[in-house]
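Colleague: Please take a close look at the ligand site and at the charged pairs connected with it. I would like one continuous account rather than a list.

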Amino acid sequence: MQDGSAFASATIDFRSDNTGRAAPELVAALAAANEGTDASYGGDQLTARVQQRFSELFETKVAVYPVATGTAANAIALAAMSPPWGAVYCAPEAHVTQSEANATGFFGGGAKLTAVAGAHGKLAAEALAAAIANAGTGTHKSQPAVVTMTQATDLGAVYTLEEVRGVAKMAKAHGLKVHMDGARFANALARLGCSPAELTWKSGVDALSFGVTKNGGLLCDAIIVFTPDAAPALPIHLRRAGQVWSKMRFAAAQLLAYVEDGLWLRMAARANAVAARIAAGLGELPRIERLAPVEANEVFLRLPGPVMDGLERDGIRFFRRPGGVARFVCRFDAGEDEADALLSSLRRHL
Ligand SMILES: Cc1ncc(COP(=O)(O)O)c(C=O)c1O
């Protein structure tokens with residue numbers, strides 16, 4: 001991986017982790033895969049290697065299905081895990097319910113996302129138990145089917161292992177399946193320092209939306225299934241949704257390069273470090289409300305409008321959210337100078 005400072009430029013861009021470059025290692029892997037011929041639709045050698053490599057990485061036999069976007073990963077995985085009449089429980093802030101245009105309901109033939117409260121973008125095990133208890137019985141109601149946790153959360157916090165296990169245990173006790181939206185799985189893993197297995201199937205997760213694009217990929221995320229019975233018709237759901245890639249080997253090449261020698265975790269750690277630098281610098285400024293602890297690569301602050309205007313005038317790019325919230329997302333290729341520029345602009349305008 002190139003050091004973030006190698007990418008540093010006049011740009012100070014915290015709009016998203018999607019605004020950055022693709023990792024040079026992944027681009028090189030694509031070029032290397034661009035030789036000769038191989039079977040299509042996942043019958044190729046690189047895709048076979050992905051199944052083997054990811055099974056080693058997760059310490060159990062997994063099935064990996066590359067898809068184009070995080071929304072495709074979430075919606076199609078959940079569609080395969082829930083019956084059309086199922087309730088899919090998620091945090092109120094979850095991307096699946098806030099920003100995917102009802103894709104889970106669409107692909108799931110009616111499956112219903114149902115918000116369950118918790119702190120910092122998480123859903124709490126006790127709140128899940130209450131939601132299931134209140135779901136009612138009989139043919140008038142959605143039937144509790146799946147719970148999905150966003151890791152790292154949509155507010156930049158990270159579920160601890162105990163929290164993941166607690167939610168999963170509660171779900172399993174009521175016969176629900178467990179999905180994880182891991183659009184920022186690498187950031188969460190880099191934060192926790194545990195193994196991919198511990199954060200997923202060993203804690204009760206049946207299927208994972210495995211983010212790559214936000215952390216240096218090009219048009220490639222994946223669904224990883226740990227419990228085959230949890231999503232038996234997934235390959236057909238994927239085909240119907242147009243997510244079975246004919247030239248699968250180019251997705252496979254990226255996935256292999258992504259995890260090679262821990263590249264994915266180094267990139268995520270780099271993004272997390274830039275966010276941590278911002279969080280540390282905030283401590284020296286007049287008190288600013290944070291919506292959640294900064295535990296991955298995102299910082300959410302409540303800021304007065306004139307302060308946000310000032311940041312924008314200084315050329316700092318970020319997203320404004322309703323309620324006076326500013327979102328700052330750190331890319332794997334962000335420089336520390338971007339964090340410092342944000343802090344000095346905040347100092348000027350606060
Ligand atoms: C937590 C989370 N999940 C899923 C997605 C969906 O990814 P995509 O925009 O690639 O569909 C995003 C994108 O911002 C996200 O932040």
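Modeller: What follows goes from the ligand site to the salt bridges, and then to two alanines.

The model is predicted. In it, the ligand sits in the largest pocket. Its surroundings are made up of Thr69, Gly70, Thr71, Asn74, His95, Glu100, Thr150, Asp154, Asp181, Ala183, Arg184 and Lys214. Helix 4, residues 70-81, supplies the largest share of this shell, with 3 residues.

Three polar contacts can be described individually. Lys214 has a side-chain N or O atom 2.7 Å from an oxygen atom of the ligand. Gly70 makes its approach through the backbone, where an N or O atom lies 3.0 Å from a ligand oxygen. For His95 the side chain is involved, with an N or O atom 3.3 Å from an oxygen atom of the ligand. As for the area covered, the ligand taken alone exposes 390 Å², and the protein buries 81% of that.

Arg184 deserves separate attention, as one of the residues surrounding the ligand and also a partner in a salt bridge with Asp17. The closest N and O atoms of that pair are 2.7 Å apart. The bridge links distant parts of the chain, with the two positions 167 residues apart in sequence. Asp17 lies in the loop between strand 1 (12-13) and helix 2 (24-33), whereas Arg184 lies in the loop between strand 6 (177-182) and helix 9 (185-192). Are these two partners buried or exposed? Asp17 has a relative accessibility of 4% and therefore counts as buried. Arg184 is buried as well, its relative accessible area being 10%.

The whole structure contains 18 salt bridges according to the search, and two others can be set beside the Asp17 pair. One of them joins the side chains of Arg165 and Glu162, at 4.0 Å from N to O. Both residues belong to helix 8 (residues 161-173), and because they are 3 residues apart there, about one helical turn separates them. Arg165 counts as partly exposed at 35% relative accessibility, while Glu162, at 55%, counts as exposed.

The other bridge is formed by Arg320 and Glu312, whose closest N and O atoms are 3.1 Å apart. Arg320 has a relative accessibility of 39% and counts as partly exposed. The value for Glu312 is also 39%, so Glu312 counts as partly exposed too. Elsewhere, salt bridges that share partners join Asp17, Arg184, Glu298 and Arg327 into one network. The network thus includes Arg184, which is among the residues around the ligand.

Two alanines complete the account. Ala231 is in the loop between strand 8 (221-225) and helix 11 (234-240). With a relative accessible area of 7%, Ala231 is buried. How far is Ala231 from Ala183 in sequence and in space? The two are 48 residues apart along the chain and 19 Å apart from C-alpha to C-alpha; Ala183 is itself one of the residues surrounding the ligand.

Ala275 has its place in helix 13 (residues 263-282). Its relative accessible area is 0%, so Ala275 is buried. Between Ala275 and Arg331 the sequence separation is 56 residues, and the C-alpha to C-alpha distance is 9.2 Å.

Key: Residues numbered from 1 in each chain as written. Predicted model: local features only at pLDDT ≥ 70, side-chain atom pairs only at ≥ 80, totals over all residues. Heavy atoms only, no water. Helix = DSSP H or I, 4+ residues; strand = E, 2+ residues; numbered from the N terminus. Buried < 20%, exposed > 50% of the residue type's maximum accessible area, 1.4 Å probe, protein only. Near = heavy atom within 4 Å. Polar contact = N/O pair within 3.5 Å; in protein donor to acceptor, adjacent residues only side chain to side chain. Areas by Shrake-Rupley, 256 points an atom, 1.4 Å probe, with all protein chains shown as cover. 1 Å grid on protein atoms, 1.4 Å probe; cavity = no way out; pocket = protein on both sides within 12 Å on 5 of 7 lines; lining within 4 Å. Sits in = over half its atoms within 2 Å of the grid points.
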